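User: I'd like to learn how to read a ligand site and a nonpolar core from a model. Can we walk through one together?

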Amino acid sequence: MADLIHLLPDHVANQIAAGEVVQRPASVVKELLENAVDAGATEIELIVKDGGKALIQVVDNGSGMSETDARMSFERHATSKIQSAEDLFELHTKGFRGEALASIAAIAHVDMQTRPAEDEVGTHIRIEGSKVVSQQAEVCPKGTSISVKNLFFNIPARRNFLKSNSVEFRHITDEFHRVALAHPAIGFRFYHNGSELFHLNPAALRKRITNIFGHRMDEKLISVEEETQVVRIEGFICKPEYAKKSRGEQYFFVNDRFIKSPYLHHAVVSAYEGLLKPDVHPGYFLYLQVDPHSIDINIHPTKTEVKFDDEHTLYAILRAAVKHGLGQFHLAPMLDFEKDQNLETPYAYRNKEAHVPGISVNPGFNPFEESSARFPSHGGYHKKSAEGWENLFVDLKSGTERQESFSSVHFESEAVTGSMFPSSDGDEAGEGTTFQLRRKYIVTTIRSGMLIIDQQRAHQRVLYEKFLRSLTVKESLSQQLLFPVSLDFSPNERHVLDELSDQLNALGFVFEESDDERVIVKGLPPMVPEKEVVSVLDQVISEYGQGKEGNLSQSDMLAKALSRSVCVKTGDRMDKTSQLALVNDLFACKETLLSPFNKPIFITLTENEIDNKFK
Ligand code: ADP
Ligand code: MG
């Protein structure tokens, strides 16, 4: 039998290995920025075109490389940073594997100019797919400039796998933020398609954070400091009331290296216990310094995880430090005359009653008008209910009689909406109408038995279809705000909003540009209550940020995000009018069985099933 096994040619092996290190343009950005930091640069420039697909260039004023080193740096396992395995336990640099440049050169066109300060001329070297195309002496500035073009030119499958420029750009921005936050003493600039996005001068940490995320971040930060034998912690956490729906600004750095740690994250979040509204995430920028011997970062070239020797102790210290920070911030307002209510009662313990339900009574409601608004607080919701669905009602009498009960419900609910009566939970089902069960389900009778509808999911479905329709028809109904709302966003969030601006306009959002960080909202879709605008946009940005594109269109994503945040929630009280309107609207939907998130909307209990329970 013939031999089957052979060695892969080098260039093939290199491409495969490269895949480990270089997954997308952002991986190149990370490696090049880290090399510049390791080279002792005090100024670093990042220049990117088309989400990094066309160009990624990093220019630094660091140590530069000699002619031989310039050539060597592209060899696999060539590094100046460690000599022996023991050095792995004393790491003070970002890189140490000597793989990055080799990997990048294997799958792109690389052009490098480099000169150590003490040399008069530098080296210019060009490499394409691991092959050196040219190398020559050249006059160039001190430091190193590397540009990487045509990423994955020789692996079309990988190139096709890349996401849209804007998604890749967002990943790059994330990496840029991480490196820039880890090294506030280094100056950074970042250009994308010719425009300068960030110009960060060397600064103290707090300033660096606000330079990146907007100066309005300043008032949100609480400083955290703790020094023990195991770890030194410093940095900032965000005040609880600024916690966001998106996970946005959560950063851990260990020995100046960005890391992800669900475990430490838990420690931080648990310190906020009782201070956060449900479903929001606190921001934090926490810097841990530990003995390099006590961690292992040697897990995977591209992974951001770290193994700590004594995680449990770290957890406890971190949690205590954050609690301490929060506590200090809580004590301070005691001296003020005007106390912030939010500080007195933790959100989790606050009476839910304070939350105004998304649905209220429309005083102009006219039950005899077919097209009157069903969801008053959500604005002109005009839709005829599906013919035929009402036939499901058992006791539905003549049309007029139903109308009567309808209007009496209306008056009753106006009077009762206050806190005079405890809740609508115990309301009787009435004659073929509806009642609300545990502020969660709408129960109604149908010919064969009863129907139990999940109010939140039903409303999500109704809104989702409504939003999708506005997006496709571009009918752009908008409710003008008497007093435009001004909102702060980080540059990143602004970027997402800009990207979605067409669709958001189609939905009825009217924005007015002001400066980089501030967006002025002048109009809203009729279904979006004004007080929800922040959380709605937050939700949209966060869902968009999770890059759930692919098969899902942007419109679909938007309609989902909006329906999720605007809908009636479990726990919201709904008056009879709204209950019935919701039921009608649900059954006028194209899809009635599943919520936009594929959850069942209602169940039926047939008379038979009920009978069986009595057997
Ligand atoms: P590693 O960073 O793991 O050592 P790399 O492939 O990223 O491996 O880089 C290989 C070597 O090239 C580095 O060890 C360093 O000596 C040199 N090098 C890379 N980038 C720079 C730079 N911007 N300035 C100076 N030297 C650099
Ligand atoms: Mg490196």
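Analyst: Sure, and keep in mind that this is a predicted model. Let's start with polar contacts, meaning N or O pairs within 3.5 Å. Here, a polar backbone atom of leucine 101 sits 2.9 Å from an oxygen atom of ligand 1.

User: Which side chains have an N or O atom paired with a nitrogen atom of ligand 1, and at what distance?

Analyst: One is aspartate 60, with a side-chain N or O atom 2.9 Å from a ligand nitrogen. Another is threonine 144, where the distance is 3.3 Å. As for cover, ligand 1 exposes 530 Å² when taken alone, and the protein buries 92% of that.

User: What classes of residue make up the shell around ligand 1?

Analyst: Nine are polar, six nonpolar and four charged. Of those 19 residues, the ones that come nearest are Asn35, Thr79, Ser80, Lys81 and Gly98.

User: Now the cores. Which residues have the most contacts inside the largest one?

Analyst: For a core, you look for buried nonpolar residues joined through side-chain atoms within 4.5 Å. The largest has 59 residues, and Leu46, Val148 and Phe285 have the most contacts inside it. Domain 1 (10-200) and domain 2 (205-328) each supply at least three residues to this core. A separate core of 33 residues includes Phe489, Leu500, Val566 and Cys567.

User: What does valine 148 touch, leaving out residues up to four places away in sequence?

Analyst: Its contacts are Val28, Leu32, Ala54, Leu55, Ile56, Ile104, Ala108, His109 and Val110.

Note on methods
Residues numbered from 1 in each chain as written. Chains lettered and ligands numbered in written order. Predicted model: local features only at pLDDT ≥ 70, side-chain atom pairs only at ≥ 80, totals over all residues. Heavy atoms only, no water. Buried < 20%, exposed > 50% of the residue type's maximum accessible area, 1.4 Å probe, protein only. Domains from an automatic or database assignment. Contact = heavy atoms within 4.5 Å. Near = heavy atom within 4 Å. Polar contact = N/O pair within 3.5 Å; in protein donor to acceptor, adjacent residues only side chain to side chain. Areas by Shrake-Rupley, 256 points an atom, 1.4 Å probe, with all protein chains shown as cover. Nonpolar A, V, L, I, M, F, W, Y, C, P; charged D, E, K, R; others polar.
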